[in-house]
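This briefing covers a predicted model. It takes up one residue and its strands, then turns to a second chain.

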Amino acid sequence: MREMIKMVIVLTVLSSLSGGLLAAIRNNTQERIDSQVLKFVKGPAIQKILEGATNNPINDRFAIPVDEEEKNFFVGVFEGVPKVVAFETKGGGYGGDVGVMVAVDVKTGKIHGVSVTTHNETPGVGARVETHEDFKSQFKGVPIGTETKVKKDGGDITAMSGATITSRAVCTAVRRAGDLYEKAKPQIKQQLSSFSG
Amino acid sequence: MAKTLAQEFTKGLWEEIPPFRLVLGLCPVLAVTKSVENGLGMGIATTFVLVCSNFLVSMLRNVIPSKIRIACFIIIIATFVTVVELLMQAFAYPLYLQLGIFIPLIVVNCIVLGRAEAFASKNNPVFSVADGLGIGIGFTLSLSALGAVREVLGEGTFYGMQVFGPSFEPFTFMVEAPGAFVCLGLMLCLMNLAGSR
(Lines give C-alpha, C1' and ligand atoms only; values in the text may rest on other atoms or scores of the structure.)
Protein backbone atom coordinates (compact mmCIF):
# COMPACT_ATOMS: atom_id res chain seq x y z
CA MET A 1 0.00 0.00 0.00
CA ARG A 2 2.76 2.43 0.92
CA GLU A 3 4.58 1.64 -2.27
CA MET A 4 1.43 2.32 -4.22
CA ILE A 5 0.99 5.73 -2.64
CA LYS A 6 4.61 6.57 -3.32
CA MET A 7 4.19 5.72 -6.99
CA VAL A 8 1.13 7.90 -7.30
CA ILE A 9 2.83 10.80 -5.56
CA VAL A 10 6.01 10.58 -7.64
CA LEU A 11 4.13 10.44 -10.92
CA THR A 12 1.77 13.25 -9.96
CA VAL A 13 4.52 15.56 -8.80
CA LEU A 14 6.65 14.84 -11.84
CA SER A 15 3.77 15.41 -14.27
CA SER A 16 2.67 18.65 -12.64
CA LEU A 17 6.19 20.05 -12.63
CA SER A 18 6.56 19.09 -16.26
CA GLY A 19 3.23 20.67 -17.18
CA GLY A 20 4.03 23.87 -15.33
CA LEU A 21 7.42 24.24 -16.96
CA LEU A 22 6.02 23.68 -20.44
CA ALA A 23 3.16 26.11 -19.92
CA ALA A 24 5.59 28.78 -18.78
CA ILE A 25 7.87 28.31 -21.78
CA ARG A 26 4.97 28.24 -24.20
CA ASN A 27 3.56 31.45 -22.78
CA ASN A 28 6.85 33.19 -23.30
CA THR A 29 7.52 31.94 -26.82
CA GLN A 30 4.04 31.95 -28.35
CA GLU A 31 4.22 35.43 -29.85
CA ARG A 32 7.65 34.87 -31.31
CA ILE A 33 6.59 31.57 -32.84
CA ASP A 34 3.58 33.14 -34.56
CA SER A 35 5.66 35.86 -36.13
CA GLN A 36 8.29 33.32 -37.20
CA VAL A 37 5.64 31.24 -38.97
CA LEU A 38 4.48 34.26 -40.97
CA LYS A 39 8.02 35.36 -41.68
CA PHE A 40 9.43 32.05 -42.86
CA VAL A 41 6.51 30.16 -44.32
CA LYS A 42 4.48 32.83 -46.06
CA GLY A 43 6.92 35.74 -45.84
CA PRO A 44 9.44 34.96 -48.57
CA ALA A 45 6.74 34.06 -51.08
CA ILE A 46 4.78 37.24 -50.35
CA GLN A 47 7.83 39.44 -50.47
CA LYS A 48 8.82 37.94 -53.80
CA ILE A 49 5.56 38.45 -55.64
CA LEU A 50 4.82 41.84 -54.13
CA GLU A 51 8.32 43.11 -54.88
CA GLY A 52 8.37 46.89 -55.16
CA ALA A 53 5.45 47.39 -52.80
CA THR A 54 5.98 50.41 -50.59
CA ASN A 55 4.30 48.90 -47.52
CA ASN A 56 4.90 45.76 -45.48
CA PRO A 57 2.35 43.27 -46.87
CA ILE A 58 2.75 40.93 -43.89
CA ASN A 59 1.62 43.61 -41.47
CA ASP A 60 -1.06 44.97 -43.78
CA ARG A 61 -3.24 41.90 -44.01
CA PHE A 62 -6.90 41.27 -43.47
CA ALA A 63 -8.94 38.10 -43.08
CA ILE A 64 -12.15 37.29 -44.94
CA PRO A 65 -14.24 34.19 -44.30
CA VAL A 66 -14.53 32.23 -47.55
CA ASP A 67 -16.40 28.92 -47.51
CA GLU A 68 -16.42 28.91 -43.72
CA GLU A 69 -12.67 29.37 -43.59
CA GLU A 70 -10.74 32.45 -42.59
CA LYS A 71 -8.49 33.40 -45.48
CA ASN A 72 -5.64 35.83 -45.09
CA PHE A 73 -5.21 38.47 -47.78
CA PHE A 74 -1.97 40.44 -47.99
CA VAL A 75 -2.13 43.93 -49.43
CA GLY A 76 0.57 45.42 -51.64
CA VAL A 77 0.71 49.20 -52.12
CA PHE A 78 2.10 50.35 -55.45
CA GLU A 79 2.51 53.99 -56.44
CA GLY A 80 0.61 54.98 -53.34
CA VAL A 81 -2.43 52.85 -54.18
CA PRO A 82 -3.31 49.54 -52.45
CA LYS A 83 -3.95 47.67 -55.66
CA VAL A 84 -2.60 44.13 -55.29
CA VAL A 85 -3.84 41.40 -52.95
CA ALA A 86 -2.00 38.13 -52.42
CA PHE A 87 -3.52 34.96 -50.98
CA GLU A 88 -2.69 31.29 -50.78
CA THR A 89 -4.35 28.34 -52.49
CA LYS A 90 -3.38 24.72 -52.88
CA GLY A 91 -3.13 22.19 -55.69
CA GLY A 92 -2.43 18.46 -55.43
CA GLY A 93 1.14 17.69 -56.44
CA TYR A 94 3.29 14.58 -56.56
CA GLY A 95 4.06 14.58 -52.83
CA GLY A 96 0.95 16.18 -51.36
CA ASP A 97 -0.43 19.68 -51.68
CA VAL A 98 1.59 22.44 -53.29
CA GLY A 99 0.85 25.80 -51.67
CA VAL A 100 0.80 28.67 -54.13
CA MET A 101 0.65 32.35 -53.23
CA VAL A 102 -1.26 34.19 -55.96
CA ALA A 103 -1.16 37.96 -56.23
CA VAL A 104 -3.98 39.68 -58.12
CA ASP A 105 -4.08 43.24 -59.39
CA VAL A 106 -7.51 44.38 -58.21
CA LYS A 107 -7.82 47.19 -60.80
CA THR A 108 -7.12 45.11 -63.90
CA GLY A 109 -8.15 41.69 -62.58
CA LYS A 110 -4.91 40.23 -63.88
CA ILE A 111 -2.44 38.01 -62.05
CA HIS A 112 0.44 40.02 -60.69
CA GLY A 113 2.59 36.99 -59.91
CA VAL A 114 2.62 33.53 -58.36
CA SER A 115 5.03 32.01 -55.89
CA VAL A 116 5.29 28.67 -54.11
CA THR A 117 5.02 28.57 -50.32
CA THR A 118 5.02 24.97 -49.15
CA HIS A 119 5.51 21.76 -51.05
CA ASN A 120 6.87 18.27 -50.62
CA GLU A 121 7.94 17.55 -54.18
CA THR A 122 10.87 15.39 -55.29
CA PRO A 123 14.19 17.23 -54.90
CA GLY A 124 15.69 18.09 -58.26
CA VAL A 125 12.45 17.38 -60.15
CA GLY A 126 9.21 18.92 -58.85
CA ALA A 127 11.04 20.93 -56.21
CA ARG A 128 12.55 23.08 -58.97
CA VAL A 129 9.23 24.93 -58.94
CA GLU A 130 10.70 27.02 -56.10
CA THR A 131 13.29 28.62 -58.34
CA HIS A 132 11.93 28.05 -61.86
CA GLU A 133 11.07 31.65 -62.74
CA ASP A 134 10.45 30.93 -66.44
CA PHE A 135 7.63 28.61 -65.50
CA LYS A 136 6.03 30.89 -62.93
CA SER A 137 6.31 34.07 -65.00
CA GLN A 138 3.92 32.50 -67.53
CA PHE A 139 1.06 33.27 -65.16
CA LYS A 140 1.89 36.95 -65.02
CA GLY A 141 -0.71 39.12 -66.72
CA VAL A 142 -3.16 36.26 -67.21
CA PRO A 143 -6.68 37.43 -66.22
CA ILE A 144 -7.68 35.81 -62.92
CA GLY A 145 -10.34 33.13 -63.42
CA THR A 146 -8.79 31.88 -66.68
CA GLU A 147 -8.76 28.09 -67.03
CA THR A 148 -5.01 27.71 -66.66
CA LYS A 149 -3.78 24.34 -67.89
CA VAL A 150 -0.51 22.84 -69.02
CA LYS A 151 -0.10 22.28 -72.79
CA LYS A 152 -0.48 18.51 -72.37
CA ASP A 153 -4.01 19.12 -71.05
CA GLY A 154 -4.82 21.57 -73.82
CA GLY A 155 -3.84 24.81 -72.09
CA ASP A 156 -1.16 27.44 -72.73
CA ILE A 157 1.21 26.84 -69.85
CA THR A 158 4.50 25.17 -70.70
CA ALA A 159 5.16 22.62 -67.96
CA MET A 160 8.55 22.31 -66.32
CA SER A 161 10.32 19.49 -68.14
CA GLY A 162 9.99 16.21 -66.24
CA ALA A 163 7.67 17.76 -63.67
CA THR A 164 4.26 17.77 -65.31
CA ILE A 165 2.46 16.78 -62.12
CA THR A 166 3.94 19.66 -60.14
CA SER A 167 3.20 22.04 -63.00
CA ARG A 168 -0.39 20.81 -63.02
CA ALA A 169 -0.61 21.38 -59.27
CA VAL A 170 0.36 25.02 -59.72
CA CYS A 171 -2.22 25.41 -62.51
CA THR A 172 -4.89 23.87 -60.27
CA ALA A 173 -3.98 26.20 -57.44
CA VAL A 174 -4.21 29.20 -59.77
CA ARG A 175 -7.64 28.04 -61.02
CA ARG A 176 -8.82 27.68 -57.43
CA ALA A 177 -7.46 31.14 -56.73
CA GLY A 178 -9.80 32.34 -59.49
CA ASP A 179 -12.85 30.81 -57.79
CA LEU A 180 -11.80 32.11 -54.43
CA TYR A 181 -11.16 35.60 -55.74
CA GLU A 182 -14.57 35.66 -57.40
CA LYS A 183 -16.26 34.77 -54.09
CA ALA A 184 -14.31 37.22 -51.98
CA LYS A 185 -14.21 40.06 -54.51
CA PRO A 186 -16.85 42.35 -52.95
CA GLN A 187 -15.27 42.07 -49.52
CA ILE A 188 -11.78 42.60 -50.88
CA LYS A 189 -12.85 45.81 -52.63
CA GLN A 190 -14.56 46.97 -49.49
CA GLN A 191 -11.48 46.27 -47.38
CA LEU A 192 -9.20 48.02 -49.87
CA SER A 193 -11.36 51.11 -50.13
CA SER A 194 -11.16 51.56 -46.37
CA PHE A 195 -7.46 50.74 -46.40
CA SER A 196 -5.15 53.34 -44.98
CA GLY A 197 -1.51 52.37 -45.11
CA MET B 1 35.01 -1.40 -13.47
CA ALA B 2 35.28 2.09 -12.06
CA LYS B 3 35.91 4.34 -15.02
CA THR B 4 37.18 7.87 -14.78
CA LEU B 5 35.05 10.84 -15.75
CA ALA B 6 37.07 11.34 -18.91
CA GLN B 7 36.52 7.73 -19.95
CA GLU B 8 32.78 8.04 -19.51
CA PHE B 9 32.86 11.06 -21.75
CA THR B 10 35.12 9.75 -24.50
CA LYS B 11 33.46 6.34 -24.84
CA GLY B 12 30.59 8.04 -26.66
CA LEU B 13 32.95 9.44 -29.25
CA TRP B 14 34.35 6.16 -30.53
CA GLU B 15 33.81 2.95 -28.54
CA GLU B 16 30.05 3.45 -28.26
CA ILE B 17 29.41 6.09 -30.94
CA PRO B 18 25.63 5.72 -31.28
CA PRO B 19 24.59 5.04 -34.88
CA PHE B 20 27.73 3.18 -35.88
CA ARG B 21 28.66 1.15 -32.81
CA LEU B 22 25.41 0.83 -30.90
CA VAL B 23 23.37 0.98 -34.14
CA LEU B 24 20.58 2.71 -32.23
CA GLY B 25 18.30 5.60 -33.13
CA LEU B 26 18.50 4.96 -36.84
CA CYS B 27 15.17 6.54 -37.73
CA PRO B 28 16.31 10.18 -37.37
CA VAL B 29 19.77 9.22 -38.60
CA LEU B 30 18.38 8.12 -41.94
CA ALA B 31 15.65 10.69 -42.25
CA VAL B 32 17.20 14.03 -41.38
CA THR B 33 20.75 13.77 -42.68
CA LYS B 34 20.02 15.40 -46.02
CA SER B 35 22.46 18.18 -45.21
CA VAL B 36 25.14 19.06 -42.68
CA GLU B 37 22.94 21.73 -41.16
CA ASN B 38 20.08 19.30 -40.53
CA GLY B 39 22.41 16.69 -39.06
CA LEU B 40 24.04 19.21 -36.79
CA GLY B 41 20.70 20.68 -35.64
CA MET B 42 19.22 17.27 -34.89
CA GLY B 43 22.41 16.24 -33.10
CA ILE B 44 22.44 19.33 -30.90
CA ALA B 45 18.75 18.95 -30.05
CA THR B 46 19.29 15.31 -29.09
CA THR B 47 22.40 16.17 -27.06
CA PHE B 48 20.47 18.78 -25.09
CA VAL B 49 17.70 16.30 -24.30
CA LEU B 50 20.18 13.58 -23.47
CA VAL B 51 22.22 15.70 -21.05
CA CYS B 52 19.19 17.18 -19.30
CA SER B 53 17.31 13.91 -18.99
CA ASN B 54 20.43 12.03 -17.83
CA PHE B 55 21.03 14.66 -15.17
CA LEU B 56 17.46 14.66 -13.89
CA VAL B 57 17.03 10.89 -13.99
CA SER B 58 20.26 10.52 -12.08
CA MET B 59 19.22 13.11 -9.49
CA LEU B 60 15.90 11.35 -8.96
CA ARG B 61 17.20 7.79 -9.20
CA ASN B 62 16.62 7.10 -5.50
CA VAL B 63 13.18 8.71 -5.44
CA ILE B 64 11.64 7.00 -8.46
CA PRO B 65 10.12 3.61 -7.60
CA SER B 66 11.56 0.98 -9.93
CA LYS B 67 8.13 -0.29 -10.99
CA ILE B 68 7.22 2.97 -12.70
CA ARG B 69 10.70 4.08 -13.71
CA ILE B 70 10.06 3.90 -17.46
CA ALA B 71 6.95 6.07 -17.15
CA CYS B 72 8.93 8.61 -15.13
CA PHE B 73 11.79 8.60 -17.63
CA ILE B 74 9.38 9.20 -20.47
CA ILE B 75 7.78 12.16 -18.68
CA ILE B 76 11.21 13.69 -18.09
CA ILE B 77 12.38 13.08 -21.64
CA ALA B 78 9.14 14.28 -23.22
CA THR B 79 9.31 17.49 -21.20
CA PHE B 80 12.78 18.33 -22.45
CA VAL B 81 11.89 17.40 -26.02
CA THR B 82 8.93 19.78 -25.94
CA VAL B 83 11.18 22.48 -24.52
CA VAL B 84 13.56 21.97 -27.43
CA GLU B 85 10.69 22.01 -29.91
CA LEU B 86 9.28 25.29 -28.60
CA LEU B 87 12.68 26.95 -28.44
CA MET B 88 13.54 25.80 -31.93
CA GLN B 89 10.24 27.15 -33.28
CA ALA B 90 10.91 30.49 -31.65
CA PHE B 91 14.56 30.94 -32.49
CA ALA B 92 15.48 28.64 -35.39
CA TYR B 93 12.27 28.28 -37.36
CA PRO B 94 13.86 27.34 -40.73
CA LEU B 95 15.66 24.45 -39.06
CA TYR B 96 12.41 23.41 -37.37
CA LEU B 97 10.72 23.29 -40.78
CA GLN B 98 13.45 21.01 -42.07
CA LEU B 99 13.44 18.62 -39.11
CA GLY B 100 9.67 18.70 -38.59
CA ILE B 101 8.23 15.55 -37.07
CA PHE B 102 11.65 14.19 -36.09
CA ILE B 103 11.99 16.65 -33.22
CA PRO B 104 8.98 15.30 -31.28
CA LEU B 105 10.18 11.82 -32.16
CA ILE B 106 13.34 12.32 -30.06
CA VAL B 107 11.06 11.19 -27.20
CA VAL B 108 11.12 7.65 -28.51
CA ASN B 109 14.73 7.75 -29.63
CA CYS B 110 16.18 4.61 -28.07
CA ILE B 111 19.48 6.32 -27.39
CA VAL B 112 17.90 8.77 -24.96
CA LEU B 113 15.77 6.22 -23.12
CA GLY B 114 18.61 3.70 -23.33
CA ARG B 115 21.07 6.01 -21.59
CA ALA B 116 18.52 6.92 -18.91
CA GLU B 117 17.82 3.26 -18.17
CA ALA B 118 21.29 1.79 -18.61
CA PHE B 119 23.45 4.55 -17.22
CA ALA B 120 21.80 7.50 -15.50
CA SER B 121 19.56 5.43 -13.24
CA LYS B 122 22.64 3.69 -11.80
CA ASN B 123 25.23 6.47 -11.63
CA ASN B 124 25.69 9.84 -9.97
CA PRO B 125 24.70 13.08 -11.74
CA VAL B 126 28.23 14.17 -12.69
CA PHE B 127 29.02 10.92 -14.45
CA SER B 128 25.58 10.88 -16.06
CA VAL B 129 26.09 14.33 -17.55
CA ALA B 130 29.51 13.28 -18.86
CA ASP B 131 27.96 10.16 -20.37
CA GLY B 132 25.11 12.15 -21.94
CA LEU B 133 27.48 14.74 -23.33
CA GLY B 134 29.80 12.11 -24.78
CA ILE B 135 27.05 10.08 -26.41
CA GLY B 136 25.34 13.28 -27.59
CA ILE B 137 28.45 14.67 -29.23
CA GLY B 138 29.16 11.29 -30.78
CA PHE B 139 25.63 11.28 -32.19
CA THR B 140 26.03 14.85 -33.48
CA LEU B 141 29.33 14.01 -35.17
CA SER B 142 27.87 10.91 -36.82
CA LEU B 143 24.83 12.82 -38.11
CA SER B 144 26.98 15.67 -39.39
CA ALA B 145 29.39 13.28 -41.12
CA LEU B 146 26.55 11.42 -42.79
CA GLY B 147 24.90 14.72 -43.68
CA ALA B 148 28.15 16.02 -45.14
CA VAL B 149 28.65 13.01 -47.41
CA ARG B 150 25.06 13.12 -48.62
CA GLU B 151 24.97 16.87 -49.13
CA VAL B 152 28.30 17.05 -50.98
CA LEU B 153 27.37 14.21 -53.33
CA GLY B 154 23.67 14.92 -53.63
CA GLU B 155 23.58 18.71 -53.86
CA GLY B 156 27.19 19.64 -54.55
CA THR B 157 27.23 21.92 -51.51
CA PHE B 158 28.66 21.83 -48.00
CA TYR B 159 26.66 23.72 -45.36
CA GLY B 160 24.98 25.58 -48.21
CA MET B 161 28.25 26.59 -49.90
CA GLN B 162 29.12 25.41 -53.41
CA VAL B 163 31.92 22.85 -53.36
CA PHE B 164 32.24 22.01 -57.02
CA GLY B 165 32.01 24.22 -60.06
CA PRO B 166 28.69 24.88 -61.80
CA SER B 167 29.43 21.98 -64.18
CA PHE B 168 28.89 19.47 -61.34
CA GLU B 169 25.78 17.38 -61.89
CA PRO B 170 24.32 16.58 -58.41
CA PHE B 171 23.91 12.90 -57.60
CA THR B 172 20.31 13.40 -56.43
CA PHE B 173 19.97 9.78 -55.33
CA MET B 174 22.07 10.55 -52.25
CA VAL B 175 19.62 13.05 -50.73
CA GLU B 176 16.67 10.71 -51.09
CA ALA B 177 15.74 7.93 -48.67
CA PRO B 178 17.47 5.01 -50.45
CA GLY B 179 20.67 7.04 -50.59
CA ALA B 180 20.59 7.30 -46.81
CA PHE B 181 20.57 3.53 -46.40
CA VAL B 182 23.36 3.01 -48.89
CA CYS B 183 25.44 5.78 -47.38
CA LEU B 184 24.92 4.57 -43.79
CA GLY B 185 25.75 1.01 -44.85
CA LEU B 186 29.01 2.07 -46.47
CA MET B 187 29.99 4.15 -43.45
CA LEU B 188 29.22 1.25 -41.08
CA CYS B 189 31.36 -0.96 -43.27
CA LEU B 190 34.27 1.49 -43.11
CA MET B 191 33.89 1.85 -39.34
CA ASN B 192 33.97 -1.92 -38.90
CA LEU B 193 37.01 -2.21 -41.15
CA ALA B 194 38.79 0.45 -39.13
CA GLY B 195 37.71 -1.16 -35.86
CA SER B 196 38.74 -4.70 -36.79
CA ARG B 197 42.38 -3.78 -37.32
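In which strand of chain A is Gly91(A) found? Gly91(A) belongs to strand β3 of chain A. The points below start from that residue, move along the neighbouring strands and end with chain B.

**Gly91(A) and its surroundings**

- Gly91(A) has a relative accessibility of 0%. Buried means under 20%, so Gly91(A) counts as buried.
- Beyond its neighbours within four places in sequence, Gly91(A) is in contact with Gly96(A), Asp97(A) and Val98(A).
- The contacts of Gly91(A) also include Ala169(A), Thr172(A), Ala173(A) and Arg176(A).
- Ser167(A) lies 76 residues from Gly91(A) along the chain, and 9.7 Å separate the C-alpha atoms of the two.

**Strands β3, β4 and β5 of chain A**

- Strand β3 (residues 81-93) of chain A runs antiparallel to β4(A), and 10 bridges join the two.
- The hairpin formed by β3(A) and β4(A) has 2 residues between the strands.
- Across this pairing, Gly93(A) stands opposite Gly96(A), which is in β4(A).
- On to the next pairing, β4(A) and strand β5 (residues 110-116) of chain A are also antiparallel, with 6 bridges joining them.
- Met101(A) stands opposite Ser115(A), a residue of β5(A).
- The hairpin of β4(A) and β5(A) has 4 residues between the strands, and Gly109(A) in this hairpin takes a positive phi near 70 degrees.
- Strand β4 (residues 96-105) of chain A is largely enclosed by the rest of the structure, because 8 of its 10 residues are buried.

**Chain B: fold and dimensions**

- Chain B has 9 helices and 2 strands.
- Read from the N terminus, the elements of chain B follow the order α-α-α-α-α-α-α-α-β-β-α.
- Chain B has a radius of gyration of 18 Å, close to the 16 Å that the globule rule gives for 197 residues, so chain B is as compact as a globular protein of that length.
- Along the principal axes, the C-alpha atoms of chain B fill a box of roughly 60 × 45 × 25 Å.

**Chain B: packing, surface and charge**

- Of the 197 residues in chain B, 48% are buried.
- Among contacts in chain B with a separation of 6 or more, 75% are between residues 24 or more positions apart.
- The exposed area of chain B is about 9100 Å², and carbon and sulfur atoms supply 71% of it.
- Chain B carries 11 positive and 11 negative charges, and the mean positions of the two sets are 14 Å apart.

How values were computed:
Residues are numbered from 1 along each chain as its sequence is written. Chains are lettered from A and ligands numbered from 1 in the order in which they are written. This is a predicted model: local features need pLDDT of at least 70, side-chain atom pairs count only at pLDDT 80 or more; totals for chains, interfaces and linings use all residues. Side-chain values use heavy atoms; hydrogens and water are left out. The radius of gyration is taken over C-alpha atoms; the globule rule is 2.2 Å times the number of residues to the power 0.38. Buried means under 20% relative accessible area, exposed over 50%, partly exposed in between (1.4 Å probe, protein chains only). Contact means heavy atoms within 4.5 Å. Accessible areas come from the Shrake-Rupley method with a 1.4 Å probe; for residues, only the protein chains shown count as cover. Lys and Arg count as positive and Asp and Glu as negative; His and the chain ends are not counted. The place of a charge is taken as NZ of Lys, CZ of Arg, CG of Asp or CD of Glu. Two strands pair if DSSP finds at least two bridges between them.
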